[in-house]
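Student: I am new to this structure and would like a close look at a single part of it. Please take one aromatic residue, say how it sits in the model, and then work outward from there.

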Amino acid sequence: MKLSKDILLLLVVLVGAAGAGMWVLQMDAQVTPAQPSEVEESINERSPLLYQPNSEGRNTKGMKNAQIKTEFEAIINVFLQNLEVRMTDYRKKRQTIQDVIKPQSMRSFEYVQENNIFARTIMAEMEAEMDAVVREFTKTDLQMRELLGRMEPEDAGLLIKEWDATREKQLSQYEAFFAQERKVFDLYRIILEIYAESGGAYNVNLEKGTVTFEDAQLQAAYDDAVNIISEITSRNRAPARN
């Protein structure tokens with residue numbers, strides 16, 4: 001009988017232990033589900049392409065606009081530098097053509113044909129340079145439109161106005177200057193033709209820098225051309241260096 005009581009007591013203990021174990025497992029199942037923050041963190045770690053707020057609080061749009069503004073300034077600087085390079089070369093050729101047309105350069109008729117060819121070549125190069133300068137405006141304008149198109153319209157507005165004002169002001173100055181230059185070139189060509197038609201019947205005063213043609217009509221045409229050139233060049237100034 002004592003043995004039976006011991007066995008019965010052992011069974012009670014085992015049943016109690018088993019029940020306690022089941023209760024612990026049930027409680028563990030209730031308190032251990034993954035928390036939402038842990039799930040989100042896990043998803044973010046597995047999916048780096050999902051949007052994640054910037055932990056440093058940086059303004060991504062502001063950074064983008066700042067970069068575009070930097071590029072905007074760089075494009076304008078390159079544009080102005082290209083204009084200056086072209087105009088520096090243009091000014092040198094302009095001085096060369098003025099020297100070729102001077103009476104001193106035509107002091108002997110044997111120089112006329114050579115100077116005629118040289119002067120016309122230089123003028124053709126200068127006219128090509130004029131066209132290249134205008135193309136710089138078109139090229140840069142396309143670059144600006146593409147760049148500022150990456151910004152929101154309300155953000156790009158001020159930069160577009162700034163560029164348009166710069167472009168319109170500069171372009172109008174260059175176009176006006178070049179229009180007068182072409183008139184001067186036409187007059188230079190007339191002077192070259194006058195020398196050629198004279199057949200050498202003229203006299204150059206080297207000290208005064210004047211020429212006297214034996215043919216009165218040629219002299220009148222020459223004087224008219226020189227006076228008009230003087231009038232145009234006195235008021236036609238190349239756009240200021242930037």
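Tutor: Tyr 90 has a relative accessibility of 1%, and because buried means under 20%, Tyr 90 counts as buried. This is a predicted model, so every value here is computed from predicted coordinates. The partner to look at is Phe 177, which is also buried, at 2% relative accessibility.

The count of aromatic pairs comes to 13. In one of them, the ring centres of Tyr 90 and Phe 177 lie 6.1 Å apart with the planes at 70°, and the pair is therefore edge-to-face, since planes over 60 degrees apart are classed that way. The two residues are 87 positions apart and link distant parts of the chain: Tyr 90 belongs to helix H3, residues 60-101, while Phe 177 belongs to helix H5, residues 153-198. Another edge-to-face pair is formed by Tyr 195 and Tyr 202, with ring centres 5.2 Å apart and planes at 80°. Tyr 195 and Tyr 202 are both buried as well.

Tyr 90 and Phe 177 also belong to one aromatic cluster, whose other members are Phe 79, Phe 137, Trp 163, Tyr 174 and Phe 178.

Helices H3 and H5 come up again at the cavity. A search of the whole structure finds one cavity of 30 Å³ or more, and the largest cavity holds about 40 Å³ of space. Its lining consists of Arg 94, Ile 97, Gln 98, Glu 181, Val 184, Phe 185, Tyr 188 and Thr 233. H3 and H5 are the elements that each give two or more residues to this lining, and H5 supplies the largest share, with four. By type, the cavity lining divides into four nonpolar, two polar and two charged residues.

The largest pocket is a separate matter, with about 310 Å³ of space. Of the 15 residues that line the pocket, Ile 101, Pro 103, Tyr 222, Val 226 and Ile 229 lie nearest its centre. H3 and H5 each give two or more residues to the pocket lining, as do strand S2 (210-213) and helix H6 (216-235). Here the largest share, six residues, comes from H6. Eight residues of the pocket lining are nonpolar, five are polar and two are charged.

One polar residue is also worth a look. Asn 115 lies in helix H4, residues 112-148, and is buried, with a relative accessible area of 14%. Apart from neighbours within four places in sequence, Asn 115 is in contact with Val 100, Ser 105 and Met 106.

Now the wider setting. The protein has six helices and two strands, and along the sequence they follow the pattern α-α-α-α-α-β-β-α. Of its 242 residues, 29% are buried, a group that includes Tyr 90 and Phe 177. Among contacts with a separation of 6 or more, 77% are between residues 24 or more positions apart. The protein exposes about 16100 Å², of which carbon and sulfur atoms supply 56%.

Definitions and conventions. Residues numbered from 1 in each chain as written. Predicted model: local features only at pLDDT ≥ 70, side-chain atom pairs only at ≥ 80, totals over all residues. Heavy atoms only, no water. Buried < 20%, exposed > 50% of the residue type's maximum accessible area, 1.4 Å probe, protein only. Contact = heavy atoms within 4.5 Å. Areas by Shrake-Rupley, 256 points an atom, 1.4 Å probe, with all protein chains shown as cover. Phe/Tyr/Trp six-rings, centres within 6.5 Å; stacked < 30°, edge-to-face > 60°. 1 Å grid on protein atoms, 1.4 Å probe; cavity = no way out; pocket = protein on both sides within 12 Å on 5 of 7 lines; lining within 4 Å. Points joined across faces, edges and corners; volume = space filled by probe spheres on them. Nonpolar A, V, L, I, M, F, W, Y, C, P; charged D, E, K, R; others polar.
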